Amino acid sequence: MATVIRQTAGHYEVEDVPYGKDYTWCPDCVMVLCDCGERVELTASQTNCGCGVDHATLVRDELDVRKGAGTASCLEEEHDRWMEDRDEYLRSEDDYRREFERLE
Ligand SMILES: [Zn+2]
């Protein structure tokens, strides 16, 4: 039976780049110890271990539990906060909005 090692809430990763800062959206993910012995980082859209086992049920259960605890609204807040901070040269808000919605 595969085991969940830890969960990471969706967040923006900030990277220093020559023209300022680059923001990358990292979706909610779940670190799973697969039966094959591999540790794999899975998301709602990526639930397969390299060995071919699909952990979709496990991942969705984990993410659902966290959403039930109010994480979704936290993510919205973080997203809004990020929008206030972001600089003009970054991708348009529409691009991020689409990406954000796609990950829901
Ligand atoms: Zn595996």
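**Exercise 1. Determine how many helices and strands the protein chain contains and in which pattern they follow one another.**

Solution. Step 1: the chain holds three helices and five strands, where helices (H or I, at least four residues) and strands (E, at least two) are DSSP runs numbered from the N terminus. Step 2: along the sequence these elements give the pattern β-β-β-β-β-α-α-α. The model is a predicted one, in which local features need pLDDT of at least 70 and side-chain atom pairs count only at pLDDT 80 or more, while totals for chains, interfaces and linings use all residues. Residues are numbered from 1 along each chain as its sequence is written.

**Exercise 2. Establish which strands form the open sheet of three strands, and in what order.**

Solution. Step 1: two strands pair if DSSP finds at least two bridges between them. Strand β1 (residues 3–8) runs antiparallel to β4 and is joined to it by five bridges; within this pair, Val-4 lies opposite Val-32 of β4.

Step 2: β4 also pairs with β5, in the antiparallel sense and over five bridges. Leu-33 has Arg-39 in β5 as its bridge partner. The two strands form a hairpin with five residues between them, and Gly-37 in the turn has a positive phi of about 100°.

Step 3: the resulting open sheet has the order β1-β4-β5, with antiparallel pairing. Because β1 and β5 stand at the edges with a single partner strand each, one side of each is left without a neighbour in the sheet. From one strand to the next the twist averages 25°, with axes taken as lines fitted to C-alpha atoms, for helices over the stretch in contact, and angles running from 0 to 180 degrees between N-to-C directions.

**Exercise 3. Describe how strand β2 pairs with β3.**

Solution. Step 1: strand β2 (residues 11–17) and β3 are antiparallel and share seven bridges. Step 2: Tyr-12 stands opposite Trp-25 in β3. Step 3: the hairpin connection from β2 to β3 consists of two residues.

**Exercise 4. Identify the residues of the largest nonpolar core and the elements that supply them.**

Solution. Step 1: a nonpolar core is a set of buried Ala, Val, Leu, Ile, Met, Phe, Trp, Tyr and Cys residues joined through C-beta atoms within 7 Å. A residue is buried if 20 or more other C-beta atoms lie within 10 Å of its own, exposed if 12 or fewer, and partly exposed in between, with C-beta atoms placed from the backbone.

Step 2: the largest such core has seven residues, namely Cys-29, Val-30, Val-32, Val-40, Leu-42, Val-59 and Leu-63. At least two of them come from each of β4 (29–33), β5 (39–43) and α1 (56–68); β4 gives the largest share, three residues.

Step 3: apart from neighbours within four places in sequence, Leu-42 is in contact (C-beta atoms, placed from the backbone, within 7 Å) with Cys-29, Val-30, Val-32, Thr-47, His-55 and Val-59. In the chain as a whole, buried residues make up 12% of the 104 residues.

**Exercise 5. Locate Pro-27 and classify its exposure.**

Solution. Step 1: Pro-27 sits in the loop between β3 (20–26) and β4. Step 2: Pro-27 is partly exposed, because 19 other C-beta atoms lie within 10 Å. Step 3: Phe-100 is 73 residues away along the chain, and its C-alpha atom is separated from that of Pro-27 by 8.6 Å.

Note on methods:
Two residues are in contact if their C-beta atoms, placed from the backbone, lie within 7 Å.
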